[in-house]
Amino acid sequence: MFRLSAFADEISPDPREQVDVLKQCRIRFIEFRSIYKTNVLMLSDEQIKEFKILLDGEGFSLSAIGSPVGKVAID
């Protein structure tokens, strides 16, 4: 079985809009990179809790965390 997921921050910085669009596309997995134009590593504990409540309430799960950790310039 394949699970489709998306970097939802390319839809909108607003997590509610991200979820709404993905629901319409029948995608229930998010590669979590940012919300509110804030990278996942910089989010407050409260923002993460609120996002989890939204995801749980809408039946979404995370497929991956997209962070800048390990990114290096290739020259």
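## The sheet

In this predicted model, three strands come together as an open sheet, ordered S1-S2-S5, with parallel pairing. Strand S1 (5-6) and strand S5 (61-65) sit at the edges with a single partner strand each, so one side of each has no neighbour in the sheet. As background, strands of a sheet pair through backbone hydrogen bonds, and the pairing can be parallel or antiparallel.

Zooming in on one pair, S1 and S2 are joined in the parallel sense over two bridges. If you want a residue to click on here, try Ala6, which stands opposite Ile30 in S2.

## Overall layout

Reading from the N terminus, the elements go β-α-β-β-β-α-β. That comes to two helices and five strands for the chain. The C-alpha trace spans about 40 × 30 × 20 Å along its principal axes.

Now for the chain-wide numbers. There are 75 residues, and 27% of them count as buried. Take the contacts with a separation of 6 or more: 61% of these come from residues 24 or more positions apart. The chain exposes about 5400 Å², with carbon and sulfur atoms supplying 55% of that area. As for charge, there are 10 positive and 12 negative ones, and their mean positions lie 6 Å apart.

## The nonpolar core

The largest nonpolar core is made of 14 residues. Val19, Leu22, Ile30, Phe32, Phe51, Leu55 and Phe60 have the most contacts inside it. Helix H1 (15-24), strand S2 (29-32) and helix H2 (45-58) each bring at least two residues to this core. Which of the elements gives the most to it? That would be H2, with three residues.

Phe32 is a good place to look around. Setting aside residues up to four places away in sequence, Phe32 touches Val40, Leu43, Phe51, Leu62, Ala64, Ile65 and Gly66. Phe51 turns up in this list and is also named among the core residues with the most contacts.

## Ala8, tucked into a loop

Ala8 belongs to the loop between S1 and H1. Is Ala8 buried or exposed? With a relative accessible area of 1%, Ala8 is buried, because the cut-off for that label is under 20%.

Once neighbours within four places in sequence are left aside, the contacts of Ala8 are Gln18, Leu22, Ile30 and Glu31. Two of these names are familiar: Leu22 and Ile30 are among the core residues with the most contacts. Ile30 is also the residue that Ala6 stands opposite. For a sense of scale, Ala8 and Asp45 are separated by 37 residues in sequence and by 20 Å in space, going C-alpha to C-alpha.

## Two positive phi angles

Most residues other than glycine have a negative phi. Against that background, Arg26 deserves a look: its phi is positive, near 60°, and it is not a glycine. Arg26 is in the loop between H1 and S2. Its relative accessibility is 76%, so Arg26 counts as exposed, the cut-off being over 50%.

Tyr36 is another non-glycine residue with a positive phi, here about 55°. Where is Tyr36 found? Tyr36 lies in the loop between strand S3 (34-35) and strand S4 (38-39). At 44% relative accessibility, Tyr36 counts as partly exposed, whereas Arg26 counts as exposed.

Key
Residues are numbered from 1 along each chain as its sequence is written. This is a predicted model: local features need pLDDT of at least 70, side-chain atom pairs count only at pLDDT 80 or more; totals for chains, interfaces and linings use all residues. Side-chain values use heavy atoms; hydrogens and water are left out. A nonpolar core is a set of buried Ala, Val, Leu, Ile, Met, Phe, Trp, Tyr and Cys residues joined through side-chain atoms within 4.5 Å. Buried means under 20% relative accessible area, exposed over 50%, partly exposed in between (1.4 Å probe, protein chains only). Helices (H or I, at least four residues) and strands (E, at least two) are DSSP runs, numbered from the N terminus. Contact means heavy atoms within 4.5 Å. Two strands pair if DSSP finds at least two bridges between them. Accessible areas come from the Shrake-Rupley method with a 1.4 Å probe; for residues, only the protein chains shown count as cover. Lys and Arg count as positive and Asp and Glu as negative; His and the chain ends are not counted. The place of a charge is taken as NZ of Lys, CZ of Arg, CG of Asp or CD of Glu.
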